[in-house]
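Visitor: I have a structure with me and would like to go through the terms used for it. Please show it first, then explain what each term rests on.

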Amino acid sequence: MLLRGLTWLVLFQLLGTALNHLILSILPGPIIGLVLLMIYLMVRGEVSESISLAASSLLRYLPLLLVPPAVGVMVYAGQIANDFWAIVGSLVLSLMISLTFAGWLMQKLIDRQHTEHQPNPREPS
Amino acid sequence: MNLDWQGAWLSVIHHPLFGIAITLGAYQLVLAGYEKTRWVFLQPVLVSMLVVIGVLVACGLDYAEYRKSTDILSILLGPATVALAVPLYLNLRRIRQLFWPVLTTLVIGGVLATGLCVALGWVLGADHMILMTMAPKSVTSPIAMLVAEQIGGVAALAAVFVLITGVIGGIFGPGLLTLAGVQSPEARGMALGLTAHAVGTSAALQEGEECGAFAALAMSLMGVATALSLPLAVSLVA
């Protein structure tokens, strides 16, 4: 079951890679694969057990898969040290501000949509 | 009898499985530590990375060799990205309901995340190459590397900035959102995926499936939007 699901995921990624090479060089293969699998699932109208199993198993280990590329930081230690404060300052500050702002904005928009479309008598405001 | 200890040691650390062993070991150690203490700084990716770097430096191994021996893990990142379609699909109904909030947040939040970073870097005196490399820091690394190259940055360094951004987002993101009173899983996921890509998405998946789905959605939308609009924006400004 797991293998069959994994095979599907790999197939979609390879399809994405082919499309990336042929027409969409700006988007990486895996992202095109994601869109294709999404379309496939929408057409089928359900997620087969094998794909769901393979997807949840892989996604559970997503942080582990990100470790090897992360270790690449060691190669650029010198360049990062040169511009250290500019880099860290702008990355950290812009992330913290934009992340908080995006969350706040989305929350406000959701709340507004709720009060417009489905007034909930239990929640005054 | 004279045993060749040094030879044995060298053949162990240069074995292709050594990189896998330290990665798996470090990751499980950090996870176990996190389960015990619930300490936010034990962000799995960041701390495993530090442990692995420590071991590599202590053994005198370089990154190229480690990277080669962990190819099998990196190659699974592709199918794992494709797999994000599943939580996305399962939450499609919810996402359709919130179409306009998602789109508005994507445009305003995305422009803010990219623009603010470049502006701050410029004020703090980073040079042009670094600025162009930092601009795509909020998107998943394969896209960021492509885009950085297109607009005059360095691909490999872009991957590093993407990672730093993701790790900081993974550590502080959930806390910041709680401080700002952002409670709904949709908004938390959206913010995490939009600004901190895959690492933010994996943090969001830990909060729950709905949160993870919105993070995956935000990550892919932000990736596509950045790939299409950032090179255009840079060519207009320059």
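Guide: We can begin with a helix of chain A, in what is a predicted model. The buried residues of H4(A) are Leu62(A), Pro63(A), Leu64(A), Leu65(A), Leu66(A), Val67(A), Pro68(A), Pro69(A), Ala70(A) and Val71(A).

Visitor: What makes H4(A) largely enclosed by the rest of the structure?

Guide: A residue counts as buried if 20 or more other C-beta atoms lie within 10 Å of its own. In H4(A), 10 of the 10 residues are buried, so the helix is largely enclosed by the rest of the structure.

Visitor: Why does Gln107(A) count as buried?

Guide: The cut-off is 20 or more other C-beta atoms within 10 Å. Gln107(A) has 23 C-beta neighbours inside 10 Å, so it counts as buried. Gln107(A) sits in helix H6 of chain A, residues 84-117. Leaving out residues up to four places away in sequence, Gln107(A) touches Val182(B), Ser184(B) and Ala187(B).

Visitor: How many residues does each chain give to the contact?

Guide: Chain B gives 84 residues and chain A gives 66. On the side of chain B that touches chain A, the largest share comes from H12(B), with 14 residues. By class, that side of chain B has 60 nonpolar, 20 polar and 4 charged residues.

Visitor: Why are H12(B) and H13(B) called roughly perpendicular?

Guide: Angles of 65 to 115 degrees count as roughly perpendicular. Helix H12 of chain B (residues 155-179) and helix H13 of chain B (residues 185-207) pack at about 75°, with axes 8 Å apart. H12(B) and H13(B) are therefore roughly perpendicular to each other. Among the residues making this contact are Gly166(B), Gly169(B), Gly170(B) and Gly173(B) of H12(B), and Ala191(B), Thr195(B) and His197(B) of H13(B). The contact of H12(B) with H13(B) comprises 10 nonpolar, 8 polar and 2 charged residues.

Visitor: What is the relation of H13(B) to H14(B)?

Guide: The axes of H13(B) and helix H14 of chain B (residues 209-237) cross at roughly 70° and come within 6 Å. The range for roughly perpendicular is 65 to 115 degrees, and H13(B) and H14(B) are therefore roughly perpendicular to each other. Their contact has 16 nonpolar, 6 polar and 4 charged residues.

Visitor: Is His197(B) buried or exposed?

Guide: His197(B) has 30 other C-beta atoms within 10 Å. A count of 20 or more is needed, so His197(B) is buried. This residue belongs to helix H13 of chain B. Although His197(B) is not a glycine, its phi is positive, about 35°.

Visitor: How do you know that the length of H3(B) agrees with the expected span?

Guide: H3(B) covers residues 44-59, which is 16 residues, and at 1.5 Å a residue it should span 22 Å. The C-alpha atoms at its ends are 22 Å apart, so the two values agree. H3(B) is followed by Gly60(B), which has a positive phi near 70°.

Visitor: Which residues of H3(B) are buried, and what covers them?

Guide: Pro44(B), Val45(B), Leu46(B), Val47(B), Ser48(B), Met49(B), Val52(B), Val55(B) and Leu56(B) are buried. The cover includes helix H4 of chain A, along with helices H2, H4, H12 and H13 of chain B.

Visitor: How many helices and strands does chain B have?

Guide: Chain B has 14 helices and 0 strands. Of its 238 residues, 53% count as buried. The C-alpha atoms of chain B fill a box of roughly 75 × 45 × 30 Å along the principal axes. Of the contacts in chain B with a separation of 6 or more, 59% join residues 24 or more positions apart.

Visitor: What is the predictor's confidence in each chain?

Guide: Chain B averages a pLDDT of 84, and 96% of its residues score at least 70. For chain A the mean pLDDT is 82, and 91% of the residues reach 70 or more. Among the elements of chain B, H11(B) has the lowest mean pLDDT, 74, and H9(B) the highest, 89. Over residues 121-125 of chain A, pLDDT stays under 50, and the model has 0 contacts beyond four places in sequence for them. The model as a whole scores ipTM 0.78 and pTM 0.73.

Key:
Residues numbered from 1 in each chain as written. Chains lettered and ligands numbered in written order. Predicted model: local features only at pLDDT ≥ 70, side-chain atom pairs only at ≥ 80, totals over all residues. Axes fitted to C-alpha atoms, helices over the stretch in contact; angles between N-to-C directions. Helix = DSSP H or I, 4+ residues; strand = E, 2+ residues; numbered from the N terminus. Parallel < 35°, antiparallel > 145°, perpendicular 65-115°, else oblique. Contact = placed C-beta atoms within 7 Å. Nonpolar A, V, L, I, M, F, W, Y, C, P; charged D, E, K, R; others polar. Expected span 1.5 Å × (residues − 1). Buried ≥ 20, exposed ≤ 12 C-beta atoms within 10 Å, placed from the backbone. pLDDT = per-residue confidence, 0-100.
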